[in-house]
Amino acid sequence: MRLTMVGTGYVGLVTGVCFAGTGNDVTCLDVDARKIDALRQGRCPIYEPGLEELLERNIKNGRLRFTTDATEAYKDAELIFICVGTPSDDAGHADLKYVLAAADDIAAALKRFPGKPRTVVVKSTVPVGTTLKVRDRIRAAAPGTKFGIANNPEFLKEGDAITDFNKPDRVVVGVEDEETGALFRRLYDPFVRNGHPIFLMDILSSEMVKYASNNFLATKISFINEMANLCEAYGADIGKVREGMCADKRIGSQFLYPGLGYGGSCFPKDTLACIAMGQSAGVPVSVSQAVHDTNQHQRDRFFARIESHFGGNLKGKSLAFWGLAFKPRTDDVREAPALTLIRKALAAGATVRAFDPVASETARAELGNGPTIVSEMYEAAKGADALVICTDWDDFKSPDFDRLAAALKSPVVFDGRNLYRPDELVRRGFTYYSVGRAGAAPGSRAR
Ligand SMILES: NC(=O)c1ccc[n+]([C@@H]2O[C@H](COP(=O)([O-])OP(=O)(O)OC[C@H]3O[C@@H](n4cnc5c(N)ncnc54)[C@H](O)[C@@H]3O)[C@@H](O)[C@H]2O)c1
């Protein structure tokens, strides 16, 4: 099939590359000329394991093209996937300006090249009702043109995006007619040979599946953090509580890791969008609100712990940060806890030296010259009054503790991801703070 991806970010690019990988002819359109230039040369503008190899392979075999030219992108497309961003606006609603601009471009193209059967697919995460709004907007701007409409939410995780896309747990598609449903069954057939389901449903439900899924996962994270905070207050160990709790099959163990809370380009904005949808409809959304509030509170609480260690005054202190990305295996720093903590530390008068295996550039674009970002993890720790760990990259899981202690001015570690055993760190002479493990090493300096 001839496909066009509108937007070549984390979702559009991965989707385009993976569909090209199963033999489709894919054109990726973006308004960002620098991104398109890089992609044409086979250079991946984002860090995503495995993506660059697939990109090169599919460019070479002629199935994948990149352009900023809307005419070229839309002229022959049978399926047009809208994969542009839907960030939060100031009131927490999903800002649809990129989606609606893409709809206008598509309408203009349909008018110029009528007669071809096409389907417009909203893949961006959008509030319930948006896909039909896109349909109506295109109909109004290009009256008489024929096109199908669908919603196809994406569930990939950054860091595992290629595997998630190629072997999805499920594919969800909202359609208005059986013909469009059959088209999607053909398109996704190579991806569900493992027997995983394709759910065809109405468009409104399909849009809601995405919000319900992300909101639920965010809820698990806020829930375990709330339990971790209770553990701290009462001297229990969240690690042990987690084990005991997660052995129950009804509960499971995924997304139940205590820490600094969720970040990234999806959970924070999708939780807010759910709250905004509820408020618009007059439906109470107190669970979603609590999930969001707990998540924000978790960062503040961790920062308060750092401040309190230094007697409430960070002025003149030097802090090392390991991890800038919102999670490992990505360079995405959108809503990353590290950025919140670094901004707070700088505002409180501390200096910051930070390291991340891949997110230096994206973090620098957000933080400017405030922190010093270095290219080696022990270099970040050099002369620092404490180390703060914000991302659970594998690189940080078994460090050379002697080297770390020698690099730090004082051996203090604030571990926002519970990477180490408190008793081991204490034995090695560190003052060690983690999340939810107040009683992990009674009488020790682990907190
Ligand atoms: N990132 C994820 O892990 C993920 C996972 C599932 C769903 N989603 C959803 O997918 C959507 C896209 O997310 P993303 O992270 O890929 O966004 P992104 O910000 O990485 O990429 C969006 C791209 O769209 C381009 N763009 C904007 N307007 C355009 C237009 N009119 N024509 C062509 N290109 C245009 C931008 O230049 C940018 O390159 C969002 O709704 C998001 O919630 C994201």
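I began with the secondary structure of this predicted model, and I counted 17 helices and 14 strands in the protein. I then looked up the radius of gyration, which is 24 Å against the 22 Å that the globule rule gives for 447 residues, so I noted the protein as being as compact as a globular protein of that length. Along the principal axes, I found that the C-alpha atoms fill a box of roughly 75 × 45 × 40 Å.

Next I turned to contacts and burial. Among contacts between residues at least 6 apart in sequence, I found that 71% join residues at least 24 apart, and I noted that 53% of the 447 residues count as buried.

I went on to the nonpolar cores, keeping in mind that nonpolar side chains tend to be buried together in soluble globular proteins. The largest core has 62 residues, and I listed Phe321, Trp322, Phe396, Leu404, Phe414 and Tyr420 as those with the most contacts inside it. Helix α13, residues 337–347, gives the largest share of this core, with 5 residues. Apart from it I found another core, of 39 residues, which includes Met5, Cys18, Leu156 and Tyr188.

I followed Tyr420 further: leaving aside residues up to four places away in sequence, I saw that Tyr420 touches, among others, Trp322, Ile389, Phe396, Pro399 and Phe401, as well as Lys397, Asp415 and Arg437.

Last, I looked at surface and charge. I noted an accessible surface of about 19400 Å², of which 51% belongs to carbon and sulfur atoms. I also counted 57 positive and 56 negative side chains, and the centres of the two sets lie 1 Å apart.

Definitions and conventions
Residues numbered from 1 in each chain as written. Predicted model: local features only at pLDDT ≥ 70, side-chain atom pairs only at ≥ 80, totals over all residues. Heavy atoms only, no water. Helix = DSSP H or I, 4+ residues; strand = E, 2+ residues; numbered from the N terminus. Rg over C-alpha atoms; globule rule 2.2 N^0.38 Å. Buried < 20%, exposed > 50% of the residue type's maximum accessible area, 1.4 Å probe, protein only. Contact = heavy atoms within 4.5 Å. Areas by Shrake-Rupley, 256 points an atom, 1.4 Å probe, with all protein chains shown as cover. Lys, Arg positive; Asp, Glu negative; His and termini not counted. Charge placed at Lys NZ, Arg CZ, Asp CG, Glu CD. Core = buried A, V, L, I, M, F, W, Y, C linked by side-chain atoms within 4.5 Å.
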